[in-house]
Protein chains: 2
Amino acid sequence: MRFLIPVGFVLSSLLVASSPSASDKPLLGFSTEGAARQRALETRFDALLRKDNLREWMKRLTARPHHVGSPYGKENAEFIAAQFRAWGYDTKIERFDVLFPTPKTRVLELIAPERYTARLAEPAVAEDGTSSQSAEQLPIYNSYSADGDVTAELVYVNYGIPADYEQLEARGIDVRGKIVIARYGGSWRGIKPKVAAEHGAIGCIIYSDPRDDGFFQGDVYPKGAWRNDQGAQRGSVADMPTFPGDPLTPGIGATPGAKRLALKDAPTLMKIPVLPISYGDALPLLRALGGPIAPTGWRGALPMTYHIGPGPAKVHLKVEFHWKTVPAYDVIATLRGAEHPDEWIIRGNHHDAWVNGAADPISGMVALMEEARAIGELAKTGWRPKRTIVFAAWDAEEPGLLGSTEWVEAHAALLRRNGAVYINTDGNGRGFLGMAGSHTLERFINEVARDVIDPQKKIPVLERRKASERVNGDAERVREAKSRADLRIEALGSGSDYTPFLQHLGIASLNIGYGGESGGGSYHSIYDSFDHYTRFGDPGFDYGLALAQTGGRTVLRLANADVLPLAFSPFSETVGRYIKEVTKLADDMREETATRNQGIQDKVFELASDPTQRFVAPKAKAPVPFLNFAPLQNALTRLNESARIYDSTYAALTTAGRVPTSGKAKALDAILIRTERAMTRNEGLPRRGWFRHQIYAPGFYTGYGVKTLPGVREAIEQRDWKETAEQIVIVARVLEGVASEIDRATAALR
Amino acid sequence: MRFLIPVGFVLSSLLVASSPSASDKPLLGFSTEGAARQRALETRFDALLRKDNLREWMKRLTARPHHVGSPYGKENAEFIAAQFRAWGYDTKIERFDVLFPTPKTRVLELIAPERYTARLAEPAVAEDGTSSQSAEQLPIYNSYSADGDVTAELVYVNYGIPADYEQLEARGIDVRGKIVIARYGGSWRGIKPKVAAEHGAIGCIIYSDPRDDGFFQGDVYPKGAWRNDQGAQRGSVADMPTFPGDPLTPGIGATPGAKRLALKDAPTLMKIPVLPISYGDALPLLRALGGPIAPTGWRGALPMTYHIGPGPAKVHLKVEFHWKTVPAYDVIATLRGAEHPDEWIIRGNHHDAWVNGAADPISGMVALMEEARAIGELAKTGWRPKRTIVFAAWDAEEPGLLGSTEWVEAHAALLRRNGAVYINTDGNGRGFLGMAGSHTLERFINEVARDVIDPQKKIPVLERRKASERVNGDAERVREAKSRADLRIEALGSGSDYTPFLQHLGIASLNIGYGGESGGGSYHSIYDSFDHYTRFGDPGFDYGLALAQTGGRTVLRLANADVLPLAFSPFSETVGRYIKEVTKLADDMREETATRNQGIQDKVFELASDPTQRFVAPKAKAPVPFLNFAPLQNALTRLNESARIYDSTYAALTTAGRVPTSGKAKALDAILIRTERAMTRNEGLPRRGWFRHQIYAPGFYTGYGVKTLPGVREAIEQRDWKETAEQIVIVARVLEGVASEIDRATAALR
């Protein structure tokens, strides 16, 4: 998982007054009677939830390291499956055989100007009961690093993202043939070695700077929650923005007989050796660097002057891996729908961890299990959902969303037909509800958030989040918090198991979780443990329970609604914002480029430069042309109108008590499901066909961070004006296609 | 001095092309023939300047510590006076007897939870020849601290400015009865203990955080230029925003017989004990703090988690001083003007230092001396300035502008009549020209900057500064750099000897100096030495020479002009900006207050708070009323018109070859001099009558930082709406008075 940081927007203050008595409010997708029945069901559901289960299961599931391929990982899958079965689900474990390299050799030495051998180990601490399980712990490493044995001068590259290499270039520093050291943060980790390799580096070290993830943030473990000087962050460095999942079986399920790529042909394997280290190990290396002082924004919290290099620090990095294939065990538990069994509401969380993984992923997993248990209890009383509910516990998320991706790829045809909505969780903590996903579900998930009560403040979690926006938000957010009816949800980039559902297949998806008050730096270390979580995470499992209430309501409403509760105006409004953003992006780039080119022409960079420092003449960039955004704007006009008509028609029918049911509803659902499919193209995005969604994608150079309208936006960012023009037309057609589906839905509604 | 950081704005690019051949351009204040003669004189002046003199004098003047009252300080004054005499100036040393406490006892100990005794000493380093002169070095201390012996819990207060105390209040932390530790920066140092005492603290420690002034910025001394872990910043903590100068003789010269206040009645003496320390000494104290984590913006670069306290760190602070009166020796050298001997162009720099003071102040002093020498040489050839030139080498600037202030106060009546312009320098370094001062001199000083050539890039220093703006400025500055004819000069707050001239008497003033490329953290330490300066400052004295060229031209043009070269449109335009700023300040405060009060009413702060942290309910503030800014706006309209008419009339006369001369010019000069006087009021600013200027003042809670339209601006900041309304009317009347003087000047011009 990636860290879940709550960001977003909130309801108007008018709703505060009315929200306590929300129980008689209509529910999107339900008739008046359906809503009443649904609320009664949710009351029964809530009454069934037990915090003690969450604690007990977390204790059980985190008792030993449980990464993919580990003995305890398999035991956990079997334990979870047994629970699902006991709760009445049709349960199976689906096995995929996936590439999962583990370290054979790890050596990192500073060999000049002095010698230092990196420890590369996290010590056990007395306060943490599982931290001493060294026999089963995966060592500190980055999976899918290349094998390598390299010795070279070191260069500090800050976060190691493209903008940092522009700074290096401005100083005349070339990383070709060098080993780079980057700090964690600023992007998904896999971007760092990818960009380093693109620039000719032969090795990459990634460390956790205490500025971002250590004592600068708070007291360190075990005194406090934060990363101590020997703590390090494991993680994958496969090129996931190209495609996630098993590197050897792109686009198909990694079943036993599947055709596999040879290792040398696998495009997402990292091209250079990579190793993550602690800041304790980084300090001697960084301190030995000479060369220019790093720009202010590059300096972290280590007690030294940050220099860039190259050298005189010279390092030797050697990593070798066991390139083995291991079994990944997905647990799939199904409760068949009574009316629309072929419409699936899929609810997933991964079960594998890097080590003991209490916060990531078990804090979310145990909430999902409690949801499943309570729903199972309801089912035992004779209740049945209209639609089929699928609970999934994914394996192998950590190395690159392998469990979910292989399952999605293996069942792609079926899922394209039946996949209605996917709801994801991952880590969970104390604090504020984060909501991200398809904007057609924005209104729906806001209704859920209005009906879950915050365990600390006894107000709707939506209201608490809104209060947080008003206290901590910038001026625009505060303004929105007071003027907008719903909380604006975030778009999804990547970092957890929603990616194959949303971005490969076009299944409307949500990712939810609580956080913001349980700080700490245990992420992907041996210290992400039961002991850490119950001291600094969510000690009373109150937010675990809140997550079960939120996830459970989400699943139950989606499964029981008379028609799928999509609303299109929030989607079209959001797309309108994205179109404004990409237009402004091009305008700003045009102005910046012109200003910069004029400056180059007037020699201002040379004139302002310090003659005691090396001066590198900046290169002019081609002027940014004016672009024809009209196709997008025209498509938006149509989309806005289609969305307005569907939503208003739906509202009018609800008021009139004529929400479609049975056969008519089924036909409508089928069209509604297709609206998200219509946002995809079979050809996918340029140079990464696996990513088919045309509205949301992880950035090719951000990894976690979303790029909305990615075809257009990334073409602009890469200054490819021909591709920009092409993508504008392509995306405009996609939006028109979505509008057409919405029009069909309106027709089916009437 | 305070650090001189170049900020400001630059000429349009059109001027780049034409500036190399600027020698035939008109000069403001000169007839065409006068301008030609002046340029010829300046060519002779330039040819007389010798860099070696600067180096030699710096070596001589920094050979031993030379603070006010020291034996070597007196020797320096006598040496400087002897030089002036040798160069033909009517020279005298004026002595004032001023209060200058030096330490008798300094003890700082951490006594709980562990013990640490602060070293409070800067070690000698082999690379620095004068750093071992411990017998004559003033120890690390803050002058005008109270005597005190206090023991209390410690609280970290960030920069210790009012905004920081709002953060403390929001966390329920009270400094009453506590000792605070503040870091340098964010304000003039004297603000920190003043605000601490206002909040009830009983002692104040000020340390140099390596984030702002140490290894975070660059390699530390002697490897690099920056402050090492035992370096500390001496400095005054008298309440200079109330009045500068000798604390015992406010408003009058501290002559031997002057009536003096008793120590206990002196209002600018600090009320609590204060001690500055190094970051080496600060670390054990700060590391021992508990309590809440400091806000992100409060965290420096020490390798620890910043906590606020109070306690468990408990410290014992004891300081006792010798409260002695010492002689301050101002050197005053006069070259009588041939046509207008009663119009004085005064050019000053201080000569006293905290220790050896190479950068501060000798780098500026030696440039002034070389100007004086070359002008003396010109005078020996028979040339005489039209106006009287006064060179001043001030003593006792460091403890609080004592030498200049006492001289100004002692000669106030004469200076009110004769003081035409004051030109100040202080430290100087390699880099870009900084220009600040009265905006009636903005056009004039831009002309000077256009005619001095940058020693590194061989272009006008104005153009180099402009290039820097275009490379490093924000969007607005870049825009201005390409659209505005002149470089916008900064307004003067305080921090050097221009304050009594400008802000007490209303003598138009300028402060100039080069910097920005000679980094370092030697400020007010024993390491501000000849060795440091010639490694990291301006090793070749190239910018020392540039400063002599700039200062010399400024003096020569002001002294020789047919009429004083004031232009009023830049002033009125700038005042218009200030009026917009204060209007916007009130509008923004109104909106912020309303938003915050609404949030308090809606309980959002409570709802968003973390229940595991202490919650302190924020207090609502009275709404900000709408204010009548019309008097200011109407006065501005009149001022704009008066300025436009004077400047266009002057331009027309110049073009017609009819710049006033002799008697008519004398009458005009007298009015022009009065325009800056018209910006003052005898009553001064509210609660600080010594500060009479109504356009520029140092902020009561910033110290260095300027507050323009201070009466209005500070009343708004303090939310005193009655006073704001009063001050709007007062300042409007002042602006109308200035407009009337300008109208008189226009009449005299015709």
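Biologist: What rotation superposes chain A on chain B?
Modeller: This is a predicted model, in which local features need pLDDT of at least 70, side-chain atom pairs count only at pLDDT 80 or more, and totals for chains, interfaces and linings use all residues. Residues are numbered from 1 along each chain as its sequence is written, while chains are lettered from A and ligands numbered from 1 in the order written. Superposed by least squares on C-alpha atoms of residues with pLDDT of at least 70 in both copies, the chains fit with RMSD 0.0 Å and 0.0 Å of shift along the axis. The relation is that of a two-fold axis, and the rotation is 180 degrees.

Biologist: What is the radius of gyration of chain A?
Modeller: Chain A has 23 helices and 18 strands, counted as DSSP runs (helices H or I, at least four residues; strands E, at least two) numbered from the N terminus. The globule rule (2.2 Å times the number of residues to the power 0.38) gives 27 Å for 750 residues. Chain A comes close to that, so it is as compact as a globular protein of that length. Taken over C-alpha atoms, its radius of gyration is 26 Å.

Biologist: What percentage of the residues in chain A is buried?
Modeller: A residue is buried if 20 or more other C-beta atoms, placed from the backbone, lie within 10 Å of its own. Of the 750 residues in chain A, the buried share is 59%.

Biologist: At what angle do helices H18 and H20 of chain A pack?
Modeller: H18 covers residues 569-601 and H20 residues 630-655, with axes 8 Å apart. The two are roughly antiparallel, a term for angles over 145 degrees. The angle is about 165 degrees.

Conventions: Buried ≥ 20, exposed ≤ 12 C-beta atoms within 10 Å, placed from the backbone. Axes fitted to C-alpha atoms, helices over the stretch in contact; angles between N-to-C directions. Parallel < 35°, antiparallel > 145°, perpendicular 65-115°, else oblique.
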